Structure formats: C-alpha cells, structure tokens
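Welcome! Take a moment to look at the sequence and the model, then try each exercise before you read its solution.

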Amino acid sequence: MQKIRVGLGFDVHQLAEGEEFWLGGILLDYHKGAVGHSDADVLIHAICDALLGAASLGDIGVHFPDTSNDYKGIDSKILLARVVELLKEKNYSIGNIDATVSLQMPKLKPIIPEMRKVIASVMNIDIEDISIKATTTEWLGYVGKGEGINAHAVALIYKD
Ligand SMILES: [Zn+2]
C-alpha cells in the first residue's frame with residue numbers, strides 16, 4: 001500500500017539594512033536583507049522543515065545547527081539538497097510543495113517563476129510540483145513594518 005505523508009514548515013527571519021537578501025534560492029535586489037547564521041533564506045528553510053516533518057526527521061536546526069561554523073553563511077540550496085537526499089535514503093519520493101511567503105516589500109510576483117525554477121532544479125522535481133505564493137500583512141505586525149519576513153510551506157511525500 002502506498003504511504004502518503006504531509007509535513008508543515010514555518011520560518012521567520014529579521015530584515016536589516018545592508019544584508020544580502022536571499023529568497024527562494026535567488027538574490028533579491030533590495031536595500032534590506034534577511035539576517036541569519038546561514039544565508040537566511042526563509043522560504044528554503046520552511047520547505048526543508050516541511051520535508052523533514054513529513055518524514056518525521058526532526059527539523060532543520062537538528063540537522064544543520066546554527067552553532068556550527070560549517071553552516072555559517074551557507075547557501076541554503078545546499079541544505080535543501082541534503083534534506084532531499086535524507087528523504088531518498090528513507091525511500092520517500094516528493095509529491096508536491098506549496099509555500100506562502102509573507103513580506104510587505106518588495107513585491108515578489110515578478111520573481112516567483114525564477115524561484116520555482118531554482119527550487120525545482122535543486123530538489124530534482126517538476127516545476128509544477130512547487131508552488132510559491134506571496135502575501136503582505138496589510139502593513140500589520142513585524143512583516144508589515146518591514147522588520148521581518150516569514151514563510152509557511154507544506155510538503156507531501158510518499159513511499160510505494
Ligand atoms: Zn531560517
């Protein structure tokens with residue numbers, strides 16, 4: 001019998017002036033960027049946690065601790081590729097990913113196709129199997145004030 005599982009990922013990063021802004025595996029052109037131990041790619045981190053959660057493999061902090069110098073400034077695409085590898089070792093295949101990024105500024109709509117392309121290629125899945133949506137919080141809270149960014153993701157995985 002085919003075993004189907006879902007996982008949920010959520011991540012938040014602070015935004016600050018002059019930081020690089022990596023999101024969905026690409027570098028955004030903006031005066032602020034996300035702060036973190038790695039490249040602080042909130043979308044990829046949420047996807048990693050959704051995948052790990054679906055396989056009951058803990059979370060991103062367990063596998064790539066932010067106390068380790070190995071992961072300082074690391075490209076999160078490398079972490080995502082490792083997570084996909086971990087799932088493969090447990091004989092899981094990826095069904096699809098759906099994600100929402102909450103960010104007030106800049107507008108993400110024009111770059112969503114490129115983010116989908118990059119993430120699909122890192123995960124070795126079809127572009128149709130990765131959905132990325134963007135929302136603002138109507139100027140409310142830390143996202144609305146431009147103090148931070150968050151992302152939610154769900155992942156469906158299966159085993160035959
Ligand atoms: Zn993160």
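The exercises below go from the whole chain to single residues.

This is a predicted model, in which local features need pLDDT of at least 70, side-chain atom pairs count only at pLDDT 80 or more, and totals for chains, interfaces and linings use all residues. Residues are numbered from 1 along each chain as its sequence is written, and side-chain values use heavy atoms, with hydrogens and water left out.

**Exercise 1. Describe the fold in outline.**

Step 1: Start with the elements. Helices (H or I, at least four residues) and strands (E, at least two) are DSSP runs, numbered from the N terminus. The protein has 5 helices and 7 strands.

Step 2: Put them in order. Starting at the N terminus, the elements follow the pattern β-β-β-β-α-α-α-β-α-β-α-β.

Step 3: Look at the contacts, meaning heavy atoms within 4.5 Å. Of the contacts between residues at least 6 apart in sequence, 71% join residues at least 24 apart.

**Exercise 2. Compare the protein with a compact globule.**

Step 1: Take the rule. The radius of gyration is calculated over C-alpha atoms, and the globule rule is 2.2 Å times the number of residues to the power 0.38.

Step 2: Apply it. For 160 residues a compact globule would have a radius near 15 Å, and the protein agrees because its own value is 15 Å.

Step 3: Add the extents. The C-alpha trace spans about 50 × 35 × 25 Å along its principal axes.

Step 4: Ask how much is covered. Buried means under 20% relative accessible area, exposed over 50%, and partly exposed in between (1.4 Å probe, protein chains only). Buried residues account for 46% of the 160 residues.

**Exercise 3. Find the protein donors of the zinc ion and their setting.**

Step 1: Donors are N, O and S atoms within 2.8 Å of the metal (3.2 Å for Na, K and Ca); water is not among the atoms, so sites may look incomplete. Here the protein donors are D11 (OD), H13 (NE2) and H45 (ND1), at 2.0 to 2.1 Å from the zinc ion.

Step 2: Read their spacing in sequence, which is D-x1-H-x31-H.

Step 3: Check the burial of two of them. D11 has a relative accessible area of 17%, so D11 is buried. H13 is buried too, at 12%.

Step 4: Look at A40, in the loop between β4 (32-35) and α1 (42-54). Beyond its neighbours within four places in sequence, A40 touches H13, W22, A34, V35 and H45. With a relative accessible area of 1%, A40 is buried.

**Exercise 4. Locate the unusual backbone features in the loops.**

Step 1: Find the cis peptide bond. It joins M105 and P106, with omega about -5°. P106 sits in the loop between β5 (93-102) and α4 (112-123).

Step 2: Find a positive phi outside glycine. E138 has phi near 55°, and E138 belongs to the loop between β6 (130-135) and α5 (141-144). W139, in the loop between β6 and α5, also has a positive phi, of about 70°.

Step 3: Buried or exposed: which word fits E138? E138 counts as exposed because its relative accessibility is 59%. W139 is exposed as well, at 57%.

Step 4: Relate E138 to the A40 loop. The C-alpha atoms of A40 and E138 are 23 Å apart, with these positions 98 residues apart along the chain numbering.
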